[in-house]
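I opened my notebook on this one to look up how its helices, chains and strands meet. My entries follow, in the order that made the picture easiest to build.

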Amino acid sequence: MSELRRAVRLLDVDPRRFAVAVALGVGALGSAVALSAVAAWLIARASQMPPVLELSVATVAVRAFGVGRGVLRYLERIASHEVALRGMTALRTTLYSRLAAGRPEAALRVRRGDLLARVGADVDAVGDVVVRGLLPAAVAGVLAVFTSVAMALFLPTAGLVLFACLVLASVVAPLLAARAARATELRAAHARADMTATALGLLDDAGPLAVAGRADAELAALRDADRRIAAAVDAGAGPSALATAAGTLAQGLAVLGALALGIPAVRSGAMTPVELAVIVLTPLAAFEAASALPAAAVQVERSRAAAGRILALLDDAGDDASSTTTTPARPSPSDTPSPVLRAQALDCGWTGRPLAVAGLDLEVRPGRSVAIVGASGAGKTTALLTLAGLLDPRAGHVTVDRNDVASLSRTARVSAVVVTTEDAHVFGTTVLENLRVARGDLDADEARAVLARVGLGAWLEALPDGLDTLLASDGRTVSGGERRRLLLARGLVGPARILLLDEPAEHLDPRLADELVTGLLTDPRGLDGTPRGVVVATHRLAPLAAADEVIVLREGRVAARGTHADLLADPGYREALERELATERAR
Amino acid sequence: MKPLDPRLLRYARSARGYLALTVALGLATAACAVAQALLIGHALGPVIADGASRAAVAPLVGWLAVVIAVRTAVVAVQERYAHRAATRAVAELRHQVVLAASRPGRHAAAARGPEVVTLATRGLDSLEPYFVRYLPQLVLAATVTPAALLVVLGLDWISAALVAGTIPLVPLFMWLVGVMTQGRSQRGLATMERLGAQVLDLVAGLPTLRAFGRELGPATRVRALGDAHRRATMGTLRIAFLSGMVLELLTTLCVALVAVGVGLRLVYGDVGLVVGLAVLVLAPEVFAPLRQVGLHFHASTDGVAAAEAAFAVLDEPAPVPGTRPAPSLADATLRLEGVSVRTPHGDFPHRLDLPLRPGRVLALAGPSGGGKSTAVEVALGLLAPDEGRVLLTSESPDVSLREDAPRSDDGAPGPVDLADVDLPSLWSQVAWLPQRPVLEPGTLAEAAGAADVTAAERDAAAARTGLDAVLAALPEGWDTPLGRGGVGLSVGQRQRVALTRVLLRPAPLVVLDEPTAHLDTAAEEVVLSTVRALREAGSTVLLVTHRPAVLAVADEVVTVAGHPAVGHDEPDSSDAVALGSVGTASGGAS
């Protein structure tokens, strides 16, 4: 519960707006109750054939409540959604700021899809608690007291009975429903995971499973997982049925109670016959608010899981660090003109996972190029992130001019070293703005120059609006090769003197790729002509003759290092190069 | 869009009993609603009019208690079985969708389509609210609404006319509101989605912004976008909620007008008190299911959409399975003749001829994307070629003597088309190692087929495939439990487990689709050693490989290439004159 409360607090709900929404909700459902009560009075009184004028207030009131219910309910929905949406914006902003200011690893280690789910669907789920959980509960509570007190004015015992029945419907039934949801979720989670994995396996590996004669066994496993889900749902269905029954029963009991207590009261003169009609018929409308609460309780259960995930992300990011806004300026000569990035006995890896790379030594300075090669999964990306100071080293040191990279200010770090990972983001904005991510004051000519340098000149020509062409988020409208080169161009325009580039030429045809990497390794110069240092992670060996040093990673260790020429003496390296060339010839 | 598709009942058998139960419960609810209104009217009437005693109306109150008990039981039973039926129906549909999507004959890419995966894992779950919430209310709208309306008609035709006149106004006004606001709400929806996507875009790019030290500025932008998103959303909701308001306004106002009308006629003695009370209780019952159907309309559209996606998969015609037993592959040739498979990009492969003779090692070479793996799927009967055929020709004379031996039309033993073959009888003679092998769940020994062989045998096999190095790193060795699909091992390690299994249980035909692990020279030696071992065991081997050293051990090499669609910029194949033709053995033991 406390997790959900913490998350709801982050919504920063405005109490006045919430109170207005509750008042409107009470007005809407109260209109329905009042409609029922006044209509009962009207009919009972009319049967006594009074002068019509005596009924005129009631007839007007009934019609007014009839209109009021619909209109107030509409206003309440508008008000409550406004509150929830404001809350979601607040929560999203908090989430963004905390992730931006906290430990970099927190945002990096979550897969993109998961991150989007937390900021998207999970925040929505927490916001839903306001509209579908807290608000209905508050409305039902206020209304239960109002209605019971109103009935108690006619007959105190009837008011008490109604209150007891409302408690049964608004407290006991939702608790049962929440328990049912929990029971199902607890038992079904495992079975659901099995079901998904088995179904995926059957669809992904249909052929191999059929040939191996195992398709039937897997289908049986799918059926079994579904059977276990069904059993879990059955376990929850009992309490869920009880919850629904409790609501219906409570309403019936309230009517019966009013009849049983009211009839003697009329005979004893404690209450008029007309009032009897009111206390018997009002309960028929009084349970509408309560009937929404079991669903509200289930919503709270669902939102709790979402709240837990959001808070886990926040806790992982840590508390607000320094939140001074800084933008990197052009590299000014007064900054260290020639920073030296050095790694010593560096162990890289994600917290809680095995080491990706152990014992890496590396030194790069402007004018020097280093290539890190290895199969995919050899730890190249993890090593680059660690070198850039975005991942804490598991052991060893990364220094820039003898200062620990983690101790540098953001400005100092960014002007010394920047990494472009292969999954770096292409924003849903213009080409120019995408480049300006690296340097805010980049002008159009500089942008054209750098795009030409990475071989995107022709591509830019073909774009409908040139540099102002909108790109889709995540680069979905550009090809893989174009995306990589755009990211490379972004790295080149930045102020950093040392660039760490992850597979900059992936998805290009081999000739183009080799040209591009060779160019980067031989002349790693920025736009303004200042010398740069580069570390390029790649799995292609052909262009590496241009690198000052090649580091071969295999199974998490440095398997070999030296120049391309030195390494040709290594049989593994030579064979890999030959195979690479042979594959191309085969094409 | 039909609210209830009859195909749902055909494919999901659990839904049939549930629908019957729901209809029965719906009828019971209708009876209860009517009885409750009449009993309340008859119990209250005499007390209000004549001051009748509790004893006088006690039987009516007693019956009312019974009706309430029945109504309570009805909702409990409905709720109890709704979830159960929904889960079972979803499971039945899922099972059939997976079965249909994974059966041989469909193109692998189609079977794996992300929509089918989403449908089978999550999409069908949206049928649950459809079954649990929407369907019962739909049934109640067909039972309680007319029953209550009929009883009102019997009691007081003026009220009945008022109610009956309102019912058609509900959809009419909702439609009018929809038409009038459609343009606006669609524009609003588009803005809303765009703004929502922009926030997520910034968040997705956070690691990138961070790398460039520019992560702090956009926080204000996240807030500004959020506020714009809220305003756009509220604009859309103001319109979207209008239809809900019309629904509530019309139904509540109608109940109010019925009450006022009955009240005024009571004054003049045109109707009785009992009738007035009963009508007052019944009028909301007429509208309640209609309002609920409106409320759960979204549950219905999502559910119906999921069901229709499932029917689209299920209604696809299934290929007719063959019935003839496959000849023994130990002495039969499997031959692809002029096989082409169409893809949107052209034919991959294009007119491929491939003779797979018993006991020989045949390698498939060619550019990636040229259709090598597709050719394997065709050879195994997993995919029907769009052009050409696959024939199995038995070359052993004694087979023709057997009763069930395949014969051509004139009765002589002859080639059998793979399309007529009972595929499991072929597959039982095949061991296939795809690039990403799927291991049997259990221990490593079970997955490697090493559970029932001697330690010496399995260690020898492990040494050949390089599994020994993997085993050495595992504390539990052969007894290491593997998850579903061999979770816990890398693709390369799984490949070694699968290779070991092939060595320990050699099949007449072995298909090896070699993994492309860069910088891994050991892998090549493993494949070579395995192929040699299989050759000794007399197996036929079909290899997919790029490596020159592996090509060298093959008896024959076939280059597989595609034929790109005209105007499509696939890799140029002008130099590949011998498309799909049989190359000569380069240096094998032929």
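**Helices, interface, strands**

I began with handedness: helix 6 of chain B crosses helix 10 of chain B in the left-handed sense. A reminder to myself before going on is that this is a predicted model.

*Entry: the helix pair within chain B.* I looked up the geometry of this pair next. The axes of helix 6 (residues 127–155) and helix 10 (residues 273–295) of chain B come within 8 Å and cross at roughly 155°. Angles over 145 count as roughly antiparallel, so I noted helix 6 of chain B and helix 10 of chain B as roughly antiparallel to each other.

Then I asked which residues make the contact. From helix 6 of chain B I found a list including Leu138(B), Ala141(B), Val144(B), Ala148(B), Val152(B) and Leu155(B). Helix 10 of chain B answers with residues including Val275(B), Val279(B), Leu282(B), Val286(B), Pro289(B) and Val293(B). By class, I have 18 nonpolar, three polar and one charged residues in this contact. Glu285(B) of helix 10 is on the contact list too.

*Entry: a helix pair across the chains.* I turned to helix 6 (residues 156–204) of chain A and helix 3 (residues 54–102) of chain B, whose axes lie 8 Å apart at an angle of about 20°. Angles under 35 degrees count as roughly parallel, so these two helices, helix 6 of chain A and helix 3 of chain B, are roughly parallel to each other. I wrote down a left-handed crossing for helix 6 of chain A and helix 3 of chain B.

Where do they meet? On the chain A side I found Ala199(A), Leu202(A) and Leu203(A), and on the chain B side Arg94(B), Val98(B), Ala101(B) and Ser102(B). This contact divides into five nonpolar residues, one polar and one charged.

*Entry: the whole interface.* How many residues of each chain are in contact with the other? I have 127 from chain A and 114 from chain B. Helix 8 (residues 215–268) of chain A gives the largest share of the chain A side, with 26 residues. That side of chain A holds 75 nonpolar, 30 polar and 22 charged residues.

*Entry: strands of chain B.* My last look was at strand 1 (residues 332–340) of chain B, which pairs with strand 6 (residues 387–394) of chain B in the antiparallel sense over seven bridges. Thr333(B) stands opposite Thr393(B) there. Strand 1 of chain B also pairs with strand 4 (residues 352–356) of chain B, antiparallel over four bridges. In strand 4 of chain B, I found Leu354(B) as the bridge partner of Leu336(B).

Terms used: Residues numbered from 1 in each chain as written. Chains lettered and ligands numbered in written order. Predicted model: local features only at pLDDT ≥ 70, side-chain atom pairs only at ≥ 80, totals over all residues. Axes fitted to C-alpha atoms, helices over the stretch in contact; angles between N-to-C directions. Parallel < 35°, antiparallel > 145°, perpendicular 65-115°, else oblique. Left-handed = near helix turned anticlockwise from the far one by under 90°. Contact = placed C-beta atoms within 7 Å. Nonpolar A, V, L, I, M, F, W, Y, C, P; charged D, E, K, R; others polar. Pairing = 2+ DSSP bridges.
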